[in-house]
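The following exercises concern a single protein chain. Please study the sequence and the structure before attempting each task, and then compare your reasoning with the worked solution.

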Amino acid sequence: QVQLVESGGGLVQPGGSLRLSCAASGRFFRIDVMAWFRQAPGKQRELVAAITSGGRTNYADSVKGRFTISRDSAKNTVYLQMNSLKPEDTADYYCNAGIFIDYDTGDADYWGQGTQVTVSP
């Protein structure tokens, strides 16, 4: 059973910083793409940032220059460093990973439980 466990959310003032972490555990062969999504109240879930196993990154335009995604493959962990936070960054943030389980099962997509980020004075 593969699990993604997030941590690091909370309340921060505008202009502040937070660092989210997401660790994958369980039995699997490798993790391919890892990503962060977010969903604000009344809005659809959107991609924030993604990183491949080779370290290639992709960001939503709204977070470019402020957020940085990184991963520690040895720890099966992905991070999201969020700087210069704005009230519009307020949302539930979800970790996502594309994982190759084994040659019988193949690929599978997993989600974390979500962590809340609130940016408010």
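**Exercise 1.** Determine where serine 84 is found in this predicted model, and state whether serine 84 is buried, partly exposed or exposed.

*Solution.*
Step 1. Serine 84 is located in the loop that runs between S8 and strand S9 (91-102).
Step 2. The backbone is examined next: serine 84 is not a glycine, yet its phi is positive, at about 50 degrees.
Step 3. The relative accessible area of serine 84 is 42%. Buried means under 20% and exposed means over 50%. Serine 84 is therefore partly exposed.

**Exercise 2.** Carry out the analysis for asparagine 76: in which loop is it found, and how accessible is it?

*Solution.*
Step 1. The loop holding asparagine 76 connects strand S7 (67-72) with strand S8 (77-82).
Step 2. Asparagine 76 is not a glycine, but its phi is positive, at about 55 degrees.
Step 3. With a relative accessible area of 25%, asparagine 76 is classed as partly exposed.

**Exercise 3.** Identify the residues with the most contacts inside the largest nonpolar core, and name the strand that gives the most to this core.

*Solution.*
Step 1. The largest nonpolar core comprises 32 residues, and Trp36, Leu80, Met82 and Tyr93 have the most contacts inside it.
Step 2. At least two residues of this core come from each of strand S3 (18-25), strand S4 (30-39), strand S5 (46-51), S7, S8, S9 and strand S11 (115-119).
Step 3. S9 gives the most, with six residues.
Step 4. Leucine 80 serves as an example. When neighbours within four places in sequence are set aside, its contacts include Leu20, Trp36, Val48, Phe67, Ile69 and Tyr93.

**Exercise 4.** Describe the secondary structure of the chain and explain why the chain may be called as compact as a globular protein of its length.

*Solution.*
Step 1. The chain contains 11 strands and zero helices.
Step 2. The radius of gyration is 14 Å, which is close to the 14 Å given by the globule rule for 121 residues, so the chain is as compact as a globular protein of that length.
Step 3. Along the principal axes, the C-alpha atoms fill a box of roughly 50 × 25 × 25 Å.
Step 4. Of the 121 residues, 43% count as buried.
Step 5. Among contacts with a separation of 6 or more, 55% are accounted for by residues 24 or more positions apart.

**Exercise 5.** How many positive and how many negative side chains does the chain have?

*Solution.*
Step 1. There are 12 positive and 12 negative side chains.
Step 2. The centres of the two sets lie 6 Å apart.

How values were computed. Residues numbered from 1 in each chain as written. Predicted model: local features only at pLDDT ≥ 70, side-chain atom pairs only at ≥ 80, totals over all residues. Heavy atoms only, no water. Helix = DSSP H or I, 4+ residues; strand = E, 2+ residues; numbered from the N terminus. Rg over C-alpha atoms; globule rule 2.2 N^0.38 Å. Buried < 20%, exposed > 50% of the residue type's maximum accessible area, 1.4 Å probe, protein only. Contact = heavy atoms within 4.5 Å. Lys, Arg positive; Asp, Glu negative; His and termini not counted. Charge placed at Lys NZ, Arg CZ, Asp CG, Glu CD. Core = buried A, V, L, I, M, F, W, Y, C linked by side-chain atoms within 4.5 Å.
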